[in-house]
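Here is a quick tour of a protein model, written for someone who would rather be at the bench. Have a look at the sequence and the fold, then read on.

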Amino acid sequence: MAGKVALRVGDKVEERLLRISKPLFYVPNLAIHLKTAEEIGAFKINKEQHLQPILCSAIAEQLSQGNEDEKQENKDAAQRLPPALERLVRQTIEVPGAKLLDWDFCLMDATPSRLSGIHSEFIESPRLDNLASTFAAFEALVEAKQSKSDILMAVAFDHEEVGSESLSGANSNILEVACCSFSTSSFSCLRCFLVSPLCANGG
C-alpha cells in the first residue's frame, strides 16, 4: 500500500508520503479445482462484490484493539480508516502527537521482483513495462554521446491506464510543445529515430 497522508503537527498541516511494503490485503477466491467447468465458464467478476480486499479477521482485530483512552484520542478524520490500518499508518509515519487529517492510498502488488529461468535470464516483476523501459531509456540518454546536430530525448508519459488523455499523457500535445520550444524551425520527423519499448505484455 502506498500514498500520502495529511497531518496536523502543532499549528502546521504537512503532507507525508507513505509506503508499506508488507502484504496487507488479499482478495479471496474459491480454488479452481472446487468449481465445475460450467461454473468457471459462467463466472463473471463483479468488481464491487468480488474484488473487495480483506485486511484482517474480526477476531484478530478484537484481540489487537487498544485501550479506551487510545481509541478516544484517535477519533478524528482517520476514523474512516479501519482501526487496525489506522494504527499501522500512525506507526509508519512516526510523527508523535500528529493528528491524521486525511489520506489517499492505493493498493499495489507486494510480490517482490526476482530472476527466473535455469540461467536466471528472465525478470519477473510487477510494473515491469514501466520500470524496465523507463530505466533503459534514461540510462541510454545518460550514456549517449553528445551531438551538435541531433537532439536526444527520453520521454516517459503518465496515465496510460486511463487512456493517456491527460495533460501529461501520450495522447496529449506535450511532446510536440516540448520539441517546438527548443526548435528554431517547424519540428520535422524526417530524420527522427524513434524507439517505443514494450516488454511486459507477454506474461
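## The nonpolar core

Let's start on the inside. This is a predicted model, and its largest nonpolar core has 14 residues. Met1, Val5, Leu7, Leu18, Val89 and Phe105 are the ones with the most contacts inside that core. At least two core residues come from each of β1, α5 and β3. Helix α5 gives the largest share, with three residues.

Leu18 is a good residue to click on. Leaving aside residues up to four places away in sequence, Leu18 touches Met1, Ala2, Gly3 and Lys4, and also Val89, Thr92, Ile93 and Phe105. Two of the names on that list, Val89 and Ile93, are buried residues of α5.

## The sheet

Now for the strands. Three of them make an open sheet in the order β2-β1-β3, and the pairing is antiparallel. The edges are β2, covering 12-19, and β3, covering 99-106, each of which pairs on one side only. On average, and ignoring direction, neighbouring strands in this sheet are turned by 15 degrees against each other.

How many bridges link β1 and β2? There are eight, with β1 (residues 2-9) running antiparallel to β2. Within this pair, Gly3 of the model sits opposite Leu18 in β2. The two strands form a hairpin with two residues between them, and Gly10 in the turn has a positive phi of about 65 degrees.

## The helix on the sheet

Which helix packs on this sheet? That would be α5, residues 83-93, which touches β1, β2 and β3. The direction of α5 makes about 100 degrees with that of β2.

The buried residues in α5 include Leu85, Glu86, Arg87, Val89 and Ile93, so charged side chains are on the list along with nonpolar ones. Right after α5 comes Glu94, which has a positive phi near 50 degrees.

## Cysteines

What about disulfides, how many are there? The structure holds zero. Two cysteines are still worth finding on the model. Cys56 has a relative accessibility of 36%, so this residue counts as partly exposed. Cys106 has a relative accessible area of 53%, and because the cut-off for exposed is over 50%, Cys106 is exposed. Cys106 also falls within the 99-106 range of β3, one of the edge strands.

Definitions and conventions
Residues are numbered from 1 along each chain as its sequence is written. This is a predicted model: local features need pLDDT of at least 70, side-chain atom pairs count only at pLDDT 80 or more; totals for chains, interfaces and linings use all residues. Side-chain values use heavy atoms; hydrogens and water are left out. Two strands pair if DSSP finds at least two bridges between them. Helices (H or I, at least four residues) and strands (E, at least two) are DSSP runs, numbered from the N terminus. Axes are lines fitted to C-alpha atoms, for helices over the stretch in contact, and angles run from 0 to 180 degrees between N-to-C directions. Contact means heavy atoms within 4.5 Å. Buried means under 20% relative accessible area, exposed over 50%, partly exposed in between (1.4 Å probe, protein chains only). A disulfide is a pair of cysteine sulfur atoms within 2.5 Å. A nonpolar core is a set of buried Ala, Val, Leu, Ile, Met, Phe, Trp, Tyr and Cys residues joined through side-chain atoms within 4.5 Å.
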